[in-house]
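Here is a guided look at a structure, going from whole chains to single residue pairs. Keep your viewer open as you read.

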Amino acid sequence: MSKNLNLKLKIWRQAGPHAQGSFLEVDAHDIPEDASFLEMLDVVNERLIADDVEPVTFGHDCREGICGTCGVMINGQAHGPEKATTTCQLHMRKFNDGDEIVIEPWQATSFPILKDLMVDRRAFDRIVEAGGYISAPTGTAPDANEIPIPKEVADTSMDAAACIGCGACVAACPNSAGQLFTSAKLHHLNTLPQGQPERWKRTEAMVETMEDFFGSCTNHGECAEACPKEVSLDFIAFMNRDYVKSKVKNRSLVSKR
Amino acid sequence: MVMLDAKIPEGSIEDKWDNHKFNVKLVNPANKRKFEVIVVGTGLAGASAAASLAELGYNVKVFTFHDSPRRAHSIAAQGGINGAKNYRNDGDSIYRLFYDTVKGGDYRAREANVYRLAQVSVDIIDQCAAQGVPFAREYGGLLANRSFGGAQVSRTFYARGQTGQQLLLGAYQALANAIQSGKVTLYNRSDVLDIVTKDGEAKGIVVRDMLTGQVHAHSAHAVVLATGGYGNVYYLSTNAMASNVTAAWRAHRKGALVANPCYTQIHPTCIPASDEFQSKLTLMSESLRNDGRIWVPRDRDEARSAGEVAEDERYYFLEEKYPSFGNLVPRDVASRNAKTVVDEGRGVGPLKNGVYLDFAAAIARDGEQAVRERYGNLFQMYERITGEDPYHTPMRIYPATHYTMGGLWVDYNLMTSVPGLYALGEANFSDHGANRLGASALMQGLADGYFVLPYTIGDYLAPKLGETPLSTGDPAFTQAVAEVDDRTRQWTSKKGGTHGVEYYHRELGKIVWEYCGMARNENGLEKALSEIPALREEFRKNVKVLGSPDGINTMLEKVNRVDDFMEFAELKVRDALHRNESCGGHFREESQTEEGEALRDDENFAYVGAWEWNGPDEAQTLHKEDLEFEYVKLTQRSYK
C-alpha cells in the first residue's frame with residue numbers, strides 16, 4: 001500500500017480582484033501519495049468545509065492534462081517541479097513527508113486574480129480572435145487529400161498546435177510575456193499550405209494584440225521550461241521572422257490597392 | 001399529451017437527406033440577420049454550430065461556463081474521428097459506416113439519422129483539413145488512417161493522441177473568427193440554469209454570471225443546447241469535473257423528453273480508482289488493446305507480482321472466450337468480462353479492482369522502441385498517475401463511465417419535443433443506439449453542428465420572419481429569473497448542514513454505479529429507486545454550502561448540478577428497470593444468452609423510450625418511438 005504524507009501548505013487566499021490577499025497556513029496531514037496535486041487540494045477543501053471555512057477556489061476541469069484550465073505556482077514553479085506536467089497530472093509521490101509547499105496563482109498583470117488561485121486568462125482569447133484561424137466557412141472545403149502536406153510539415157504544425165493555453169509560459173516569464181503562446185498558434189497555422197493566404201495579416205494582428213496585453217520577450221527561455229506540452233522556444237524565432245516580413249508584405253499589399 | 005413525430009423524410013435511405021434539404025423552408029440571406037439564436041455549450045457541437053450559423057448570417061449568442069470556449073471536454077478525446085472516405089481502398093463506403101454504426105449500436109438507433117451521419121462524415125474531414133487541423137499524414141503528404149475499435153476497415157483520421165483537442169481548436173478558431181466579425185457574442189463563465197418557454201415554444205434562457213452571481217435572462221428566436229452527456233451521474237467517470245446534465249434536465253422540466261437515459265457506455269480501458277480521494281478516472285486509449293494482452297491470475301489468492309506468475313497460471317479471459325476477436329471485442333463486451341473476473345475475486349492491484357493489460361508480448365515481438373513510438377504518450381501518462389512503468393510491469397485497467405448514448409429526444413431536424421429548442425452532440429440521443437463505436441462521438445458532434453443544424457433550423461425560423469424575440473421583461477422571463485435566483489440562494493441561506501456537496505455526489509455515484517452500472521437487475525434497480533430519493537431528501541436538507549451567492553462560489557455552482565443529477569438518476573434507473581432486455585451498454589442480467597452475452601428482445605423493445613416530465617412529485621410518462629429497420633437486418637451480435 002502507498003504511503004501518506006504530512007505537509008505544511010501555504011495557500012494564497014484573495015477574496016476578489018481588488019481585495020487584499022494573504023497566505024492561509026494549513027497542516028495537511030495524511031495526504032495519500034497516490035493523490036494528484038488537485039486531489040490533495042480537494043482533501044484540504046473537504047476538511048476546511050468540515051471546519052466551516054470556505055474552500056479554496058482554483059481552476060480545474062478535465063484533470064487529464066489537456067483542457068488547460070488548471071495551473072498554479074508551486075514553490076515558485078509554474079505547474080510545480082515535474083517537467084512537462086500540468087498541475088492536475090502532478091502527483092503527491094513527487095513530494096516528501098514534512099515538505100513545505102507554497103501555492104500561489106499565476107502572477108501577471110494580464111491575468112488578473114479573480115479569487116484565491118483562479119485567474120482570468122481572456123487575453124489569450126483576444127489574441128486568437130485577432131487572427132488565430134484559417135477562414136474556411138463551413139461547406140467551402142475541397143477534398144481533404146487535394147492539398148498534400150509533407151509529413152514533416154504536418155508534424156511540426158502539430159507540435160505547435162499541442163499548446164493547451166494554460167498560461168504557464170506567461171506565469172514563468174520574468175516579463176510576463178505572451179510570446180510562446182502566440183508563436184505556437186502562429187506556427188501551427190503559418191506552416192500549413194491552408195494558412196498561407198492570411199499568413200501576414202494574421203501574424204501582424206496577433207503579435208500586436210499580444211503586445212497590447214503582455215510584456216516583452218528577452219529570451220530567458222523560462223516559458224519553454226515551464227510548458228507542460230514542451231512547446232519549443234524555436235517557434236518564437238519563427239514568429240519574429242514572420243512579424244518582420246509581415247510589415248513589408250502587408251505594406252506592399254496596401255500599395256497595390 | 002406529447003405526440004412523437006420523428007419527421008423522417010420520404011424516399012430511399014440514400015435520398016432522404018437530399019430530399020429533406022430541398023423541402024425545408026429557407027431563410028433568404030438578407031433576412032438571416034433578423035434572427036437571433038442562442039447556443040449553449042462550446043464543445044465540438046456547440047462551437048461548430050455557432051460558427052456555422054454566424055457564417056450564414058444569423059446573430060448568435062454563445063454561452064459557456066468555462067473561462068474560454070476552448071476548454072470544453074471534447075478537448076480530451078484521444079483516438080480519432082471516423083469518415084467514410086475510403087482513402088485506404090479497403091472497401092469502406094457510406095453504406096458500410098452506416099451499417100456498422102447501426103449494428104454496433106445494437107439496433108437501437110434510427111436508420112435515417114445514422115445514414116445522414118455517415119453521409120456528412122466525409123464533408124467533416126474536408127472541413128477540418130481546410131481549417132488547418134493537423135491530421136496525421138503519410139510520407140507522400142496524404143492523410144493517414146487507422147483501424148479503430150475493432151472496425152474491419154481503416155476509416156479513422158487522427159492527430160496523434162489528441163484528435164479531440166485539434167478538432168475542438170479548429171471549431172474554436174472558427175468561432176473566434178465569427179466573434180471578431182461581430183456575428184457571435186460570447187458569454188463566458190455563464191451557467192445556464194433554466195430554459196424559458198411561452199405557449200409551449202422555447203424563448204430563451206436564464207443564466208447565472210459565475211463571477212458576480214447575478215442572474216439574468218437572454219431571449220432569442222431559437223435555443224440550441226450542446227451541453228454534453230450525463231456521465232458524471234456516476235461521480236467517477238472519464239468526464240471533466242464540471243460536465244453536468246443541468247441544462248438538459250432543466251429543458252426536460254420544461255417539456256423536452258429525455259430518451260433512453262439508461263444507455264451509458266462503460267469504457268474498458270481506464271486506470272482503476274485508487275481510493276476514496278479519487279476525483280475522476282482517466283481513460284487510456286482503446287488503441288492499446290491492439291497490442292496489449294488482458295489477463296488476471298487464475299488463482300484468486302495470487303499475491304506475487306505479475307512477472308512472477310507463470311504463463312499457464314494466467315487467465316487470458318478475452319482470448320479464451322472470444323478466439324476470433326480476442327482482446328479486440330467491442331467495448332461493452334470487454335467491460336462486462338473485466339467486471340466478471342473482478343467480481344470473482346481475481347482482480348489485481350492493491351484494491352484488487354483491475355485487470356492486467358500486458359505489453360510484454362508486443363515488446364518481445366516488436367522491440368521496446370516500436371512500442372514506445374506507438375504508445376509513448378499513453379505510457380507516460382500512465383506512469384505519471386500510477387507511479388508504475390508499463391514497459392516493465394503490466395498496466396492495470398478497469399472499466400469506467402465514458403459516454404452517454406441517451407439524451408434529449410430529437411426529431412430528424414434535431415429539434416426536441418419543445419418547438420424552437422434543439423439538442424446537438426452528446427446531449428441528444430439520436431445516432432448511437434445503445435452503444436457507440438469508437439471514433440464516432442467526434443463525428444456526430446461535428447456533423448450536428450457543421451452540417452445538420454445549419455440546414456434544419458431555417459425550417460423553424462422561416463415562418464417567424466418579422467417576429468421579435470420575446471422581451472426579457474415578459475413575465476415568463478422575470479418569473480424564471482426569480483425562480484433561479486431563489487433556488488440558488490436557498491443553498492447558502494441554510495444554516496448548519498452536515499456534509500459538503502462532494503460527499504453527496506460521491507454517495508449518489510456509488511448507488512448508480514452499484515445498481516445501474518455495467519450489469520443491472522430488477523432487485524438492484526428497485527433498491528436504487530428507494531435509495532436515490534432518500535439520499536436526495538437528505539442532501540436537500542443537510543448539504544452544507546459556504547460563502548456568498550454574490551460572486552465566485554464553486555460549491556454553489558456544483559450544488560445546483562448535483563441537485564439535478566439527483567433527479568436525473570432516478571429517471572435513469574426507472575428507464576433501466578422498464579427496459580427488460582439487454583442491448584449494447586444496457587445489460588440486464590435477466591436477459592442473457594446461455595453463454596452470458598447480451599440478449600435483445602426485438603419484439604418488445606425495438607423502440608426509443610422517451611420520458612415526459614409530470615412535475616416533481618409524479619413519475620414521468622413513457623412515450624415510445626418504434627424503430628423500423630428497412631435496410632439493416634437485426635441479428636444477434638457475435639464476436640466468438
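The report below starts with chain A, moves to the contact between the chains, and ends with details of chain B.

## Chain A as a whole

Please keep in mind that this is a predicted model. Chain A contains eight helices and seven strands. Its C-alpha atoms fill a box of roughly 70 × 40 × 35 Å along the principal axes. Of the 257 residues in chain A, 54% are buried. Sequence separation is worth a look too: among contacts in chain A between residues at least 6 apart in sequence, 72% join residues at least 24 apart.

## Two domains in chain A

The domain assignment splits chain A into domain 1, covering 4-115, and domain 2, covering 122-256. Taken over C-alpha atoms, the centres of these two domains of chain A are 31 Å apart. Where they meet, 17 residues of domain 1 of chain A are in contact with 15 residues of domain 2 of chain A. On the domain 1 side of this contact in chain A, there are eight nonpolar and nine polar residues, and no charged ones.

## The open sheet of chain A

Which order do the strands of the five-stranded sheet in chain A follow? The order is S2-S1-S5-S3-S4 (chain A), in an open sheet with mixed pairing. Strand S2 (22-32) and strand S4 (77-78) of chain A are at the edges with a single partner strand each, so each has one side without a neighbour in the sheet.

Towards one of those edges, strand S3 (residues 73-74) of chain A pairs with S4(A) in the antiparallel sense, over two bridges. Here you can find Ile74(A) opposite Gln77(A) of S4(A). Helix H1 (residues 37-50) of chain A packs on the sheet, where it touches strand S1 (4-13) and S2 of chain A. The direction of H1(A) makes about 105° with that of S2(A).

## A covered helix in chain A

Helix H2 (residues 122-129) of chain A has six of its eight residues buried, so to speak of it as mostly covered is fair. The buried residues of H2(A) are Ala123(A), Phe124(A), Asp125(A), Ile127(A), Val128(A) and Glu129(A).

What covers the buried residues of H2(A)? The cover includes helix H5 (179-190) and helix H6 (199-213) of chain A, together with helix H6 (163-180) of chain B. Both chains therefore have a part in it, if we count residues as in contact when their C-beta atoms lie within 7 Å.

## Where chain B touches chain A

Across the contact between the chains, 62 residues of chain B meet 64 residues of chain A. On the chain B side, the elements that give two or more residues are helix H3 (44-56), helix H5 (111-131), H6, helix H11 (368-386), helix H12 (441-461) and helix H16 (554-578) of chain B. H6(B) supplies the largest share, nine residues. By class, the side of chain B that touches chain A holds 27 nonpolar, 22 polar and 13 charged residues.

## Two domains in chain B

In chain B, the assignment gives domain 1 (268-401) and domain 2 (476-626). The C-alpha centres of these domains of chain B lie 31 Å apart. Five residues from domain 1 of chain B and five residues from domain 2 of chain B make the contact. On the domain 1 side, helix H9 (residues 331-346) of chain B gives the most, with four residues. That side of domain 1 of chain B has one nonpolar, one polar and three charged residues.

## A helix crossing in chain B

How do helix H13 (residues 475-493) of chain B and H16(B) cross? Their axes come within 10 Å and cross at roughly 115°, and the crossing is right-handed. H13(B) contributes Thr488(B), Trp491(B) and Thr492(B) to the contact, while H16(B) contributes Leu556(B), Val559(B) and Asn560(B). By class, the residues of this contact between H13(B) and H16(B) are three nonpolar and three polar, with no charged ones.

## A covered strand in chain B

Strand S12 (residues 293-297) of chain B is mostly covered, with four of its five residues buried. S12(B) pairs with strand S14 (residues 355-358) of chain B in the antiparallel sense over three bridges, and Arg293(B) has Asp358(B) in S14(B) as its bridge partner. S12(B) also pairs with strand S13 (residues 314-315) of chain B, antiparallel and over two bridges. There, the bridge partner of Val296(B) is Tyr315(B) in S13(B).

Technical notes:
Residues are numbered from 1 along each chain as its sequence is written. Chains are lettered from A and ligands numbered from 1 in the order in which they are written. This is a predicted model: local features need pLDDT of at least 70, side-chain atom pairs count only at pLDDT 80 or more; totals for chains, interfaces and linings use all residues. Domain bounds come from an automatic or database domain assignment. Two residues are in contact if their C-beta atoms, placed from the backbone, lie within 7 Å. Ala, Val, Leu, Ile, Met, Phe, Trp, Tyr, Cys and Pro count as nonpolar, Asp, Glu, Lys and Arg as charged, and the others, Gly among them, as polar. A residue is buried if 20 or more other C-beta atoms lie within 10 Å of its own, exposed if 12 or fewer, and partly exposed in between; C-beta atoms are placed from the backbone. Two strands pair if DSSP finds at least two bridges between them. Axes are lines fitted to C-alpha atoms, for helices over the stretch in contact, and angles run from 0 to 180 degrees between N-to-C directions. A crossing is left-handed if the near helix is turned anticlockwise from the far one by less than a right angle, and right-handed if clockwise.
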